[in-house]
Amino acid sequence: MGTMDLQDGAQVRRIAVLGCTGSIGRDALDLAIRHPDRLRVVTLACNRDVDGLLEAAERFRPEAVAAADPWAAGVLASRLDGSGIRVVSVVEAAAWPTVDVTLVAIAGVAGLRPAMAAVETGKRLALANKESLVAAGAALLRLAHRSGSEILPVDSEHAGLFAALQGVRRGSLRRLWLTASGGPLRGSSAADVAAATPERALRHPTWPGMGRRITVDTATLLNKGLEVIEAHHLFDAGEHAIGVVVHPQSVVHAIVELADGSLLMQASRPDMRLPIAFALAYPDRWAPPEPAIPPTGLPDLQFQPPDREAFPCLDLAYAALRAGGTAPAVLNGADEVAVARFLAGEFPLGHIPRLLEAVLGQHKGGAEEPELDEALAADAWARERAAAWRPAAIARGASR
Ligand SMILES: NC(=O)c1ccc[n+]([C@@H]2O[C@H](COP(=O)([O-])OP(=O)(O)OC[C@H]3O[C@@H](n4cnc5c(N)ncnc54)[C@H](OP(=O)(O)O)[C@@H]3O)[C@@H](O)[C@H]2O)c1
């Protein structure tokens, strides 16, 4: 099915925006405002931010809305009574019959069931929620294969790889490189990173305004590790075929290294609206929200190897990928709790990798390619262990 040029008459994409009150969700709604002839918002979902969702609902007049939190869903039901806008579950909003593209911009593994529902019903899945692929990538891809659903990555690195890989034969590929800004603690000593407080970890230099969990994950580099696992699933690449390079300017998002040594780089302004638009519009490309950077306007581009001693979370993610089974789901679930505990001031940043290592060390593998329920069970187990973890208990915890 081709998409016509605007000159021939634009094709309107009917979208579900799940996580509409978050950083990615708000960027997607901004695109919908800029492209009323191309995007029609059909469903919206949040967790608890009822006011944010209602403001969007007033503007876009969707067919249905959802809030995961039961209290918030109740408020929506009473505030929208008689409006003609239906209040449904998040999964129903994901799989809503008139939706073409479901954007899952929910934070955390909570995005997994809605992502599955979208894929099961044959929607295009515009996936910002990397946790879905990390926790149950094989199951999600199997389902997409059966239903014919396309999965388009929204993470800027993966959108960059997807674009750079167009027309590249598999046999010509050598390595996929994900760039990392290095986060707010780039260049700090291992001791300094370990002692970092939430205030420091939340000060991102090139991607301000991201959700709090992903911002902390960029400070530990676990985010990049989760992206390695995401790339493994999306591009069917083994751990040795996926590299990470620190690129402080955040202009080059991905590099495809070919067999003959050529490097195909994808570069753009660091603006999440670009990969979101790419996932919604593919194979089309729309004019950017801000003027594009011309080649003469590019900053000096630097590329450095990551500091694996100061940022041990990166290798923990590679280890989880190597272990396979439910280990990535455990890593992600434990990290969601670890980051919440860090943000609550329970411990400094350096305790996050210690906690993750302890929980992964207690984990016993599980199914080779977990189905949804197995992934969610591993996630729940990891959360329990992560909530119970105390620094003194390292390496002595009960095993599963
Ligand atoms: N921000 C970025 O630049 C960026 C870049 C690449 C990838 N991502 C990925 O995109 C996802 C979202 O990140 P973000 O930075 O946008 O997070 P965020 O700002 O924290 O927003 C999270 C969104 O998810 C909603 N939500 C949370 N739990 C939910 C549930 N159970 N059901 C439905 N909605 C729920 C929140 O609703 P409430 O507002 O009601 O709590 C909010 O709308 C993450 O997976 C992240 O890794 C983000």
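Two residues are in contact here if their C-beta atoms, placed from the backbone, lie within 7 Å. Keep that rule in mind as we walk through this predicted model, beginning with a pair of helices that meet.

In helix α10, the residues Arg212, Arg213, Val216 and Asp217 meet Asp335, Glu336, Val339, Phe342 and Leu343 of helix α14. Sorted by character, the residues of this contact are 4 nonpolar, no polar and 5 charged. Helix α10 covers residues 212–220 and helix α14 covers residues 327–343, and their axes come within 10 Å of one another, crossing at roughly 95°. Angles of 65 to 115 degrees count as roughly perpendicular, and α10 and α14 are therefore roughly perpendicular to each other.

Now let us step back to the whole chain. The protein chain holds 16 helices and 11 strands. Its C-alpha atoms fill a box of roughly 60 × 55 × 40 Å along the principal axes. A compact globule of 400 residues would have a radius of gyration near 21 Å, and the protein chain agrees because its own value is 21 Å. Of those 400 residues, 49% count as buried. Among the contacts with a separation of 6 or more, 71% join residues that are 24 or more positions apart.

The ligand makes a good next stop. There are 29 residues around the ligand, and the ones that come nearest are Gly19, Gly22, Ala68, Ala110 and Gly211. Three elements give two or more residues each to this shell: α1 (23–34), β2 (39–46) and α6 (130–147). Of the elements, α1 gives the most, with 3 residues. By character, the shell around the ligand divides into 16 nonpolar, 8 polar and 5 charged residues.

From the ligand we can move on to helix α7, made of residues 156–164. Is this helix enclosed or open? Since 8 of its 9 residues are buried, α7 is largely enclosed by the rest of the structure. The buried residues of α7 are Ser156, Glu157, His158, Ala159, Gly160, Leu161, Phe162 and Ala164. Their cover includes the strands β7 (151–153), β8 (173–180), β10 (252–258) and β11 (263–267), together with the helices α11 and α12.

A few places along the backbone also deserve a look. Leu221 sits in the loop between α10 and α11 (222–235). Phi of Leu221 is near 70°, which is a positive value in a residue other than glycine. Leu221 counts as buried because it has 30 C-beta neighbours inside 10 Å. Asp236 is found in the loop between α11 and β9 (242–246), and its phi is near 50°, again a positive value in a residue other than glycine. Is Asp236 buried or exposed? Asp236 has 10 other C-beta atoms within 10 Å, so it is exposed.

Another backbone feature involves a proline. The peptide bond from Tyr282 to Pro283 is cis, with omega near 10°. You can find Pro283 in the loop between α12 (273–281) and α13 (313–323).

Our tour ends with two residues and their surroundings. Val87 belongs to strand β4, residues 86–88. With 20 other C-beta atoms within 10 Å, Val87 is buried, and the cut-off for that label is 20 or more. Which residues does Val87 touch, leaving aside those up to four places away in sequence? They are Val65, Ala66, Ala73, Leu76, Ala77 and Leu80. Pro198, on the other hand, is 111 residues from Val87 along the chain, and their C-alpha atoms are separated by 36 Å.

Pro270 lies in the loop between β11 and α12. Because it has 16 C-beta neighbours inside 10 Å, Pro270 counts as partly exposed. Beyond residues up to four places away in sequence, Pro270 touches Thr206, Trp207, Ser250 and Val251. Glu369 is 99 residues from Pro270 in sequence, and the two are 34 Å apart in space, C-alpha to C-alpha.

Terms used. Residues numbered from 1 in each chain as written. Predicted model: local features only at pLDDT ≥ 70, side-chain atom pairs only at ≥ 80, totals over all residues. Helix = DSSP H or I, 4+ residues; strand = E, 2+ residues; numbered from the N terminus. Rg over C-alpha atoms; globule rule 2.2 N^0.38 Å. Buried ≥ 20, exposed ≤ 12 C-beta atoms within 10 Å, placed from the backbone. Axes fitted to C-alpha atoms, helices over the stretch in contact; angles between N-to-C directions. Parallel < 35°, antiparallel > 145°, perpendicular 65-115°, else oblique. Nonpolar A, V, L, I, M, F, W, Y, C, P; charged D, E, K, R; others polar. Near = placed C-beta within 6 Å.
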